[in-house]
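Open the structure in your viewer and keep the selection tool at hand. Each stop below tells you what to select and what is there.

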Amino acid sequence: MEDAPKPSVAAIQGLALGGGLELAMGCHARVSTPEAQLGLPELTLGVIPGFGGTQRLPRLVGLPKALEMMLQSKSIKAKEGEKYGLIDAIVSSEDLLKVARVWALEIAERRRPWISSLHRTDKIGSLSEANEILKAARKQVKKIAPNMPQHQACLDSVEEGVKFGGYAGVLKEAKVFKELVLSNTSKGLVHVFFAQRTTSKVPNVTDIGLSPRKIKRVAVIGGGLMGSGIATALILSNTSVILKEIDSNFLQKGLKTIQTNLEGLVKKGSLSQEKMNKALSLVKGALDYSEFKNVDMVIEAVIEKVALKQSIFADIERACPPHCILATNTSTIDLNIVGAKTHSQDRIVGAHFFSPAHVMPLLEIVRTDKTSPQVILDLMTVGKAIKKVPVVVGNCTGFAVNRTFFPYTQGAQLLAHLGVNLFRIDKVVTDFGLPIGPFQLQDLAGYGVALAVKDIYASAFRGRTFETNLVELLVKSGRNGKSNGKGYYIYEKGQKPKPDPSVQAIIEESSRLANAMPGGKPITVSDREVLEMIFFPVVNEACRVMAEGVVVRASDLDIASVLGMSFPRYRGGIVFWADLVGSDYIYAKLKKWTELYGGFFKPCEYLEERAVKRLPLVRTLLVYSSCFGN
């Protein structure tokens, strides 16, 4: 098209992303409406631009801006595009086609320049300048995307064009694209992309003709870390909130936390001062239930104590109107137990947010056998309004995410009790792609939650938990994680967490009490085995969750693991990754460890069945060789 004897002009309105922008860049000019968005987000799907984008974008906007747009998958508006030379003119939508047609005729008549972007070199700069820019970009990419091949591949294609010309670059780009589109990374990212969109389809909820009701006023009970975070998310979406606490000191503290949350967003530039003030005007404090008579939903977010939650639910059933949704933010407790003292079982639902609630994108919606489809649909709609991804799951201890991942923390603790250095464990996990390891995660969450749910898990999953007094010993020694500056790591303001070697003595004491070490000697394992001993029990529990129908589909568990537990997006989620590894391999390893270390590793029936038949957990996928590497 670019080399054709007839000129072409792109008329852009709305989105010109990926192939749309590449098509426009192949034209001899680009005319746009003001609201148009321009970008090349292909790297988010594990590939690179494949229609000449790696060559034309640097020639139109310059190398630094092009690399920023491609490597960060960052889109820009038309005005910025005009500033950098990507857009030639901005016009109204009414005049768009008329101006574009006239522009094309003027190019044909040589009254405007006939420019083929692939041949331009004026914005590339000298070879030495380009090499320095590419070198710096490669260094940055190694830090931000060490396990993803598409970033370096994108730079390879750009470099080819800089050194040998646009046509050579296009040929390189096409070759690299074909290789990347078949990679596990691309397949994982594409899977997550579609999995996220599938969560909005829930059988017998979204397909039975119901319309969501308007939720105008929400009461949040508890102004702690979770409650204030939930309230923050709601007021940011223009929903009025009543924040209830037991006394004025706790209430003021909760309201202050909401203000601090908003100020943090203003500092980052993601919220204006005007919008912050508007959001704060939507929240009101309360010390009793008198204001609850006009609310559409209540979200209880108090500590994980069964008796307290039951008492609150009995109170709010009396105080709230009959249409009001009664939701709990419990992360662990069975909803039937929470609502045992109420009569409105059809209105009870779990609204499990992840901390910090105004930042983390997942909302786990928990339904019982009695929760009405209308209530589920309403909560899904609220979730989308506050920019969360709602995943509907069944009711059981820990629900989908925390139940699937309870072996994650316990597996790490078991390894530490077997003599593996805890800081090495954290590094192996972060090298795999999680932002922090299991021990640092426990420090950040605080030890209160771990202590509160320990007995609940031990009772619900008898025979397959790892029992240890490690957290109790940590608390006894004056450690409570990040909240008091001392846990497995030392936390000082303005500095990165530092490993605390003195914690090893506490782990050794805990190991002695648990009698976990075979023969009293530390085990020797490779990094790959460390990773497997942490994540294969998680896969095992995921199999139980799927077999019991706790999730609608396996991909819901994948997206929940990515958004709720920060499992690497490019690995496709926990079940997708497990299928890459292979059910027979996972089963064989778990069986071996069961014999060596006990019932924590015992494979479930579902996994055994798939492994014996050499079937994937949910789909036919590729081999194991590259699952742990780049």
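The tour goes through strands, salt bridges, a surface patch and a loop of this predicted model.

**Stop 1: a covered strand**

Select residues 297-300, which make up strand E10. Are the two faces of this strand covered or open? Both are covered: Met 297 and Ile 299 are buried on one side, and Val 298 and Glu 300 are buried on the other. Now add strand E7, residues 217-221, which runs parallel to E10 and is joined to it by 4 bridges. Look for Val 220, which stands opposite Ile 299. Then add strand E11, residues 325-328, which also pairs with E10 in the parallel sense, over 4 bridges. Here Val 298 stands opposite Leu 326.

**Stop 2: salt bridges**

Stay with Glu 300 and select Lys 309 as well. Their side chains meet in a salt bridge, 2.5 Å from N to O, and both residues are buried.

Next, select helix H22, residues 527-547. Arg 544 and Glu 541 are 3 residues apart in this helix, so about one helical turn separates them. Their side chains meet in a salt bridge of 2.9 Å, N to O, and both residues are buried. Add Arg 403, Arg 464 and Glu 548 to see the network of salt bridges that links them with Glu 541 and Arg 544.

Go on to helix H3, residues 63-71, where Glu 68 and Lys 65 lie 3 residues apart. The closest N and O atoms of this salt bridge are 3.2 Å apart. Lys 65 counts as buried because its relative accessibility is 7%, under the 20% cut-off. Glu 68, at 23%, is partly exposed. The whole structure has 32 salt bridges.

**Stop 3: an open sheet**

Select strands E2, E4 and E5, which form an open sheet in that order with mixed pairing. E2 (15-17) and E5 (76-77) stand at the edges with a single partner strand each, so one side of each has no neighbour in the sheet. E4, residues 37-39, runs antiparallel to E5, and 2 bridges join them. Gln 37 stands opposite Lys 77.

**Stop 4: a surface patch**

Which residues gather in a patch of positive charge on the surface? Select Lys 135, Lys 139, Lys 143 and Lys 496 to see it. Lys 496 is in the loop between strands E15 and E16, and is exposed, with a relative accessible area of 73%.

**Stop 5: a buried proline**

Finish at Pro 568, in the loop between helices H23 and H24. Pro 568 is buried, with a relative accessible area of 2%.

Note on methods
Residues are numbered from 1 along each chain as its sequence is written. This is a predicted model: local features need pLDDT of at least 70, side-chain atom pairs count only at pLDDT 80 or more; totals for chains, interfaces and linings use all residues. Side-chain values use heavy atoms; hydrogens and water are left out. Patches are made of residues with over 30% relative accessible area and no salt bridge: like charges are joined within 9 Å, nonpolar side chains (Val, Leu, Ile, Met, Phe, Trp, Tyr) within 5 Å. Accessible areas come from the Shrake-Rupley method with a 1.4 Å probe; for residues, only the protein chains shown count as cover. A salt bridge is a side-chain nitrogen of Lys or Arg within 4 Å of a carboxyl oxygen of Asp or Glu. Lys and Arg count as positive and Asp and Glu as negative; His and the chain ends are not counted. The place of a charge is taken as NZ of Lys, CZ of Arg, CG of Asp or CD of Glu. Buried means under 20% relative accessible area, exposed over 50%, partly exposed in between (1.4 Å probe, protein chains only). Two strands pair if DSSP finds at least two bridges between them.
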